[in-house]
Amino acid sequence: TTMCQLLGMNCNTPTDIVFSFTGFATRAEEHKDGFGVAFFEGRGVRCFVDHSSARDSPVAAMIKAYPIKSENVIAHIRKATQGRVALENCHPFVRELWGRYWVFAHNGDLKGFAPRLHGSFRSVGDTDSERAFCWLMQELAKAHASVPTVEELSATLRELVPGVAAFGTFNFMLSNGQALWAHCSTQLHYLQREHPFRAARLADEDLSVDFADLTTPSDRVAVIVTEPLTRDEPWTALAPGELAVFRDGRRTDLHRPTTPPTP
């Protein structure tokens, strides 16, 4: 595929991501225009980006060897569609709103999306993706005076996202460390892993990890990815236009009322 690859993880306890990123990085042969990974640790974020291929990047080698434990992770391997191959154009992008970091990565191409952005949220690079992120942050800030609940944020995002998606392909992941939102335009799959974890084989490489060695009976992990990472697990495809919300290692928005609550 010529698409970028997105990977998100949402966990109910800080979890080591080395397994998933190993398979993900093997896809970098086609996606050689940079990559990035952001790990939330509480309110803090470790964001690593590189505009060289994940195949031969020392940053990627470090991430594979460095068992960072995180509850929310967003990773991106880039095939440039808009914007030069440059560090400032590498996802994930990070912004602050309401005293929390927000992390965003996008897979797709938005044609002619040029919203008016005021001073708080501006693009540093020249990608459609970063513009879309800045606009979402700006509109969230307008819609809520102080920190809203995850449910309120999800409702506002459901109103905002279709306006951006109308300009093209808008597969994205967004997290503020409390939840992970995943929106599908064309292709996104997710999987919920719970104890007892069985060994999982990566589709790209002859590699398996026995999660039972790494987890306790209460551990849960949701993995969201462009294309399924493993062959032998029940991945669920998101439908075009679907915005999924993940908290504590599971999808939490499936049982919401069909009529929006009155303000």
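Analyst: Accessible areas here come from the Shrake-Rupley method with a 1.4 Å probe, and for residues only the protein chains shown count as cover. On that basis the protein exposes about 11,500 Å², with carbon and sulfur atoms supplying 52% of it. Keep in mind that this is a predicted model, where local features need pLDDT of at least 70 and side-chain atom pairs count only at pLDDT 80 or more, while totals for chains, interfaces and linings use all residues. Residues are numbered from 1 along each chain as its sequence is written, and side-chain values use heavy atoms, leaving out hydrogens and water.

User: What makes a stretch a helix or a strand, and how many of each are in the protein?

Analyst: Both are DSSP runs, numbered from the N terminus: helices are H or I with at least four residues, strands are E with at least two. The protein has four helices and 15 strands.

User: Why is E130 called buried or exposed?

Analyst: Buried means under 20% relative accessible area, exposed over 50%, and partly exposed is in between (1.4 Å probe, protein chains only). E130 has 1% relative accessibility, so it counts as buried. Across the 263 residues of the protein, 52% land in the buried class.

User: What makes E130 and R95 a salt bridge?

Analyst: The rule asks for a side-chain nitrogen of Lys or Arg within 4 Å of a carboxyl oxygen of Asp or Glu. For E130 and R95 the N to O distance is 2.7 Å, and they qualify. This pair links distant parts of the chain, with E130 in helix 3 (residues 128–143) and R95 in strand 5 (residues 93–97), 35 residues apart. R95 comes in at 14% relative accessibility, so R95 is buried as well. By the same rule the total is nine salt bridges.

User: How do you know whether E139 and K142 are buried or exposed?

Analyst: Just check the values: E139 has 15% relative accessible area, so it is buried, while K142 has 55%, so it is exposed. The two form a salt bridge with their closest N and O atoms 3.0 Å apart. Both sit in helix 3, three residues apart, about one turn of the helix.

User: Which residues share a salt-bridge network with D253 and R251?

Analyst: D253 and R251 meet in a salt bridge at 2.8 Å, N to O. Shared partners join R158, E242, R251 and D253 into one network. D253 is at 5% relative accessibility and R251 at 10%, and both of these count as buried.

User: What makes W102 and W181 stacked, tilted or edge-to-face?

Analyst: Rings of Phe, Tyr and Trp (its six-membered ring) pair if their centres lie within 6.5 Å; planes under 30 degrees apart are stacked, over 60 edge-to-face, and the rest tilted. W102 and W181 have centres 5.9 Å apart and planes at 15°, so they are stacked. W102 lies in strand 6 (residues 100–107) and W181 in strand 8 (residues 180–183), so the pair ties together parts 79 residues apart in sequence.

User: And what about F104 and F172: stacked or tilted?

Analyst: Their centres are 5.4 Å apart and the planes are at 35°, so this pair is tilted. F104 is in strand 6 and F172 in strand 7 (residues 171–175), 68 residues apart. F104 and F172 each have 0% relative accessibility, so they count as buried. F104, F133, F170 and F172 form one aromatic cluster.
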